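Me: I would like to go through this structure slowly and ask what lies behind each label that is used for it. Please set every value against its definition before you conclude anything.

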Amino acid sequence: YESWEGRAKVAYSLTDAATVTVAGGYQEQGPIDYPGRLLTAESFEAPNFWAGFEWSGQGTVTAIEAKAYRNRVTHTMSNRGKPTALDNPSRTPPFALDVFVDSEITLLGGNLSADLDLGGPWTAEIGGDVYSANRNATRFIRRQSNQALLFETNMWPDATITDIGAFGRLAWRQGPVSISGTARVDFVSADAPISAVDSFFVANAAPTCPVYPGPCPDLESDETNLSGAVTASYDLSSNWVLAAGLGSAVRTADATERYSDRIPASKAQFAAEFLGNPRLKPERSTQADLWVDGHYADVHFHLGGFYRKMADYITIEPTTLPRELPLSPTTVYRYINGEATFYGLDGSATVGVTDEVTVSVTGSYLYGQDDELDEPAIGVSPVRAGLGVRYEDPTGRFYVETSGTAVAEQDRVSTSRNEAMTPGYQTVDVRAGIGLPGGFTVRGGVLNVFDEYYWDHMNARNPFGQPAPTPVPEPGRVFFMDVALAF
């Protein structure tokens, strides 16, 4: 595919303490032939603009920051180059199809915050933010030979979600002890006009809606969501810190989870059809964390663990609803609320062997259980470990590093939602860079040096694979180089 973008930013200092910034950009991509997806992305167009104000000073209020932004993405897709665009007498339907999707996302928002010095060991931050996201997408399916319209579906029915939030943070530090607490409230409103919702969605996801344009309680919802957290740390010594946290955060359902009419989901390996649920409750994540950090001149160490309980966890379940596209997998899935449990560990260590050579080690483990469906949670990453070695010239102008990644197989998968096990793999990357006179920097390297054939646990499976859907692998050996000029 081809991609290009342009960006610009202008900043003006009103005073020594205050700055106004205006920025904008435009990006365009396409066409992109996605392996493992039913459609090809014909184009992306994304203009974005934002303006900001920053002030810093002395006194009770030490900093103020404000920002407003507008982002818009228009995205078109088709089945060009896919098997569905060809005649095939052995399938249903046997004739070639023309599939076209026209979608648009518009996001408006802003935020305002202030840092406060309350005297002594006390500091604070207060602020608020707001955003409104509108999503609209229509899918047209025609018979290719005569362009007869077979289906027209509002995949996103002009859905709008607005969130107005306010937050506060209070921190205290005295000697080796530090404690901070945060609180946030969000007022959320979501709706989709009944005139933009298809009859299938009304019948199966919003049954109380009228058959004529008008208000529909099933398509409208208002929420007040409270979130909060407390963290504390204790300096065991000048080199070691022990910390813990406890918090509860709320995530509201997005437009796809609420209003999508049988479209694929990015949270699954398979290209099935998924139906939204406008009556979804926001999911609440309550989590406890414990971690320890060590810092020496040449050694840095981290080890942490967490336990998370998900209430009204937003997930999916199989249904007996009919699919819209005859070439989609037979099972249609619906978004539902459930319960889930997660816990995990992560660790890292970095050791300066010499002034020029650094060795680093990382590792992580995650366990997830869908308590509602009594099976592993979908999309849980397998055990992963990494090892890296970096040499850097004493002048800082040249470096070379190699890194290896080892990933275990994932055999805890969600069978009811068609998730497949993934094998383990190992990859090695090499990178290098050098600074040249005149402000030039050259960087390059080789990724996946040994050309390993592998895929990750969330990689899609090609629905057109023969004799059965096959996972889409990651790239093989990749060479890259870039040149940068600073002036």
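Reply: A good place to begin is the side chain of Arg334, which reaches the backbone oxygen of Asn204 at 2.9 Å. Please keep in mind that this is a predicted model, in which local features need pLDDT of at least 70 and side-chain atom pairs count only at pLDDT 80 or more, while totals for chains, interfaces and linings use all residues. Residues are numbered from 1 along each chain as its sequence is written, and side-chain values use heavy atoms, with hydrogens and water left out.

Me: What makes the approach of Arg334 to Asn204 a polar contact?

Reply: The term asks for a pair of N or O atoms within 3.5 Å, of which, within protein, one must be able to donate a hydrogen and the other to accept it (residues adjacent in sequence count only if both atoms are side-chain atoms). The side chain of Arg334 lies 2.9 Å from the backbone oxygen of Asn204, so the distance falls within the limit. Arg334 has its place in strand 15, where strands (E, at least two residues) and helices (H or I, at least four) are DSSP runs numbered from the N terminus. Contact in general means heavy atoms within 4.5 Å, and, apart from neighbours within four places in sequence, Arg334 is in contact with residues including Asn204, Leu275 and Thr315.

Me: Why is Ser414 called buried or exposed?

Reply: Buried means under 20% relative accessible area, exposed means over 50%, and partly exposed is in between (1.4 Å probe, protein chains only). Ser414 has 0% relative accessibility, and therefore it counts as buried. Ser414 sits in the loop between strand 19 (398–407) and strand 20 (425–436), where its side chain makes a polar contact with that of Arg417 at 2.6 Å. Not counting residues up to four places away in sequence, Ser414 also touches Glu375, Pro376, Ile378 and Glu419.

Me: How do you know that Asp370 and Arg417 meet in a salt bridge?

Reply: A salt bridge is a side-chain nitrogen of Lys or Arg within 4 Å of a carboxyl oxygen of Asp or Glu. The N to O distance for Asp370 and Arg417 is 3.0 Å, so the pair meets this condition. The pair links distant parts of the chain, since Asp370 is in strand 16 (residues 357–370) and Arg417 is in the loop between strand 19 and strand 20, 47 residues apart. Both Asp370 and Arg417 are buried.

Me: What is the distance in the salt bridge of Glu324 and Arg139?

Reply: The closest N and O atoms of Glu324 and Arg139 are 2.3 Å apart. This pair too links distant parts of the chain, with Glu324 in the loop between strand 14 (299–318) and strand 15 (332–352), Arg139 in strand 6, and their positions 185 residues apart. Glu324 has a relative accessible area of 8% and is therefore buried, and Arg139 counts as buried at 4%.

Me: Which accessibility label does Arg169 carry, and why?

Reply: Arg169 has 27% relative accessibility, so it counts as partly exposed. Its side chain meets that of Glu125 in a salt bridge at 3.5 Å, N to O. Across the whole structure, a search finds 21 salt bridges, and Asp129, Arg184 and Asp186 are linked in a network of them.

Me: What makes a set of residues a nonpolar core?

Reply: Such a core is a set of buried Ala, Val, Leu, Ile, Met, Phe, Trp, Tyr and Cys residues joined through side-chain atoms within 4.5 Å. The largest one has 20 residues, and Val197, Phe201, Cys209, Leu219, Tyr259 and Leu275 touch the most other members. The elements that give two or more residues to this core are strand 7 (149–174), strand 8 (177–191), helix 1 (199–205) and helix 2 (255–259). Helix 1 gives the most, with four residues. A second, separate core of 14 residues includes Leu38, Val99, Ala137 and Met155.

Me: How exposed is Ile434, and why is that label used?

Reply: Ile434 has a relative accessible area of 35%, and so it is partly exposed. Ile434 is in strand 20.
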